Amino acid sequence: MRTSAPGLAARAASVAGSPVRDILALTARPEVISFAGGLPAAELFDTDGLRAAFQQALDGDTARRTLQYSTTEGDPDLRAAVATRLSGRGLVTGPDDLLITSGSQQGLTLLSTALLEPGDTVLVEDPCYLAALQCFAFAGARVVPVPGDEEGVDPAALEELVARERPKLLYLVPTFQNPTGRTLPPARRRAVAEAAARGDVWIVEDDPYGELRYSGGPVPWIASYEEAADRTALLGSFSKIMAPGLRLGWLRAPAALRRACVVAKQSADLHTSTVDQTAAARYLADADLDAHLVRVRSAYRERRDALLAGLPDALPDGSRWTSPEGGMFIWATLPEGRDTTALLREAVEHDVAYVPGAPFYSGPADPATMRLSFTTHTPDEIAEGLWRLAKVAR
Ligand code: PMP
């Protein structure tokens, strides 16, 4: 007689889900003003344009192709359209340099599969995008945080860690980072590229937010620096610029790594949904994504400004926060001794929410930090949410 089910793999048992998820589940109530989610604003989705694109993808005999199995690399029209957008922004890219992925999150999984042996060292930002930490944990990697400041990773610290830890891979969200909103300046990008070349390290440049810029000027991708060209995998996504439900992203990588990722993807899901890829390609051909992005940026800029304007009165004296030029997030640090995880329960009772900063750290956490997203509420709602937050935080 069995007394218990057979065991899980060690990695499944050891990688934890998020401890704050239970509390955040309470924020689904409509009366809650949530700065917690990492969601784009649903009311800004171009539903008419996407509906028309799906209609076309399933029109007449086209449907017999779009409902069929397809190649792992992805829809040629979609790859061509993405390549044109990347080239137009200064990174010369051909359709064959790209693999379409099921969201950029899958790109992270494929790269982990292709590059990491258990025990390999991965360098990350401190704090770092949570689901990337989970992905590296599943791969059995040793994750080491690189110290940084309000401009991102510190090149001198990186150089030292590369020499000491012999990492396999460096993972960065250099533009409008999740969770901090900060952007790595061009001089540091070059320094990162040089350090990676000297230390023989792969760079994963994750860029889901780069097209959401509200102020300041563009910065080059790390992938565009000559030193980094042969060792950088660039991840992109339609989640924040079109709609995350499409689950469409792309991976641009040197040939050998891209081929390894194609094989890894075959074993994961054969290919990304043909219908969704065809619809996205139709959308890019027939609709005007850039005009749509002008509308999205203008709404998000207002929302970012509303959050920044309200923070001085909402947070206790001595707090500080980032002023991101784009993306979706502001990172705030309350005075020393405050604990945002403990505070969250009280905040939720007052119908306002944020994400405590602690889970984003792979090393020692600063418990006084929090991530605030400004995308899903109007400026008036943001002001109201900050007023509620002030009642518990000040
Ligand atoms: N990378 C970063 C830094 C993110 O913030 C996200 C989404 N929150 C992703 C990757 C995954 O995005 P998607 O799979 O929807 O493209």
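A polar contact here is a pair of N or O atoms within 3.5 Å, and within protein one of them must be able to donate a hydrogen and the other to accept it. Keep that in mind for the close-ups below, which come from a predicted model.

**View 1. The start of helix α12, with aspartate 288 reaching in.** Here a side-chain oxygen of aspartate 288 gets to within 3.2 Å of the backbone nitrogen of aspartate 290. The helix itself covers residues 289–314. How far apart should its ends be? At 1.5 Å a residue, its 26 residues should span 38 Å, and the end C-alpha atoms are 36 Å apart, which agrees.

**View 2. The ligand in its pocket.** The ligand takes up the space of the largest pocket. Around the ligand there are 14 residues, and those that come nearest are Ser104, Asp206, Tyr209, Ser237 and Ser239. Sort that shell by class and you get five nonpolar, six polar and three charged residues. Which helix gives the largest share of the shell? That would be α6 (residues 103–115), with three residues.

**View 3. Polar side chains up against the ligand.** Serine 239 has a polar side-chain atom 2.5 Å from an oxygen atom of the ligand. Arginine 247 also faces a ligand oxygen, with a side-chain N or O atom 2.8 Å away. For lysine 240, the partner is a nitrogen atom of the ligand, and the distance to an N or O atom of the lysine side chain is 3.5 Å. On its own the ligand has 400 Å² of accessible area, and the protein covers 91% of that.

**View 4. Two cis peptide bonds, each leading into a proline.** One joins aspartate 126 and proline 127, with omega at about 5 degrees. Proline 127 sits in the loop between β3 (121–125) and α7 (130–138). The bond between asparagine 178 and proline 179 is cis too, and its omega is about 15 degrees. To find proline 179, look in the loop between β7 (169–172) and α9 (186–199).

**View 5. Arginine 166 and its positive phi.** This residue isn't a glycine, yet its phi is positive, at about 50 degrees. Where is arginine 166 placed? It belongs to the loop between α8 (155–165) and β7.

Notes: Residues numbered from 1 in each chain as written. Predicted model: local features only at pLDDT ≥ 70, side-chain atom pairs only at ≥ 80, totals over all residues. Heavy atoms only, no water. Helix = DSSP H or I, 4+ residues; strand = E, 2+ residues; numbered from the N terminus. Expected span 1.5 Å × (residues − 1). Near = heavy atom within 4 Å. Areas by Shrake-Rupley, 256 points an atom, 1.4 Å probe, with all protein chains shown as cover. 1 Å grid on protein atoms, 1.4 Å probe; cavity = no way out; pocket = protein on both sides within 12 Å on 5 of 7 lines; lining within 4 Å. Sits in = over half its atoms within 2 Å of the grid points. Nonpolar A, V, L, I, M, F, W, Y, C, P; charged D, E, K, R; others polar.
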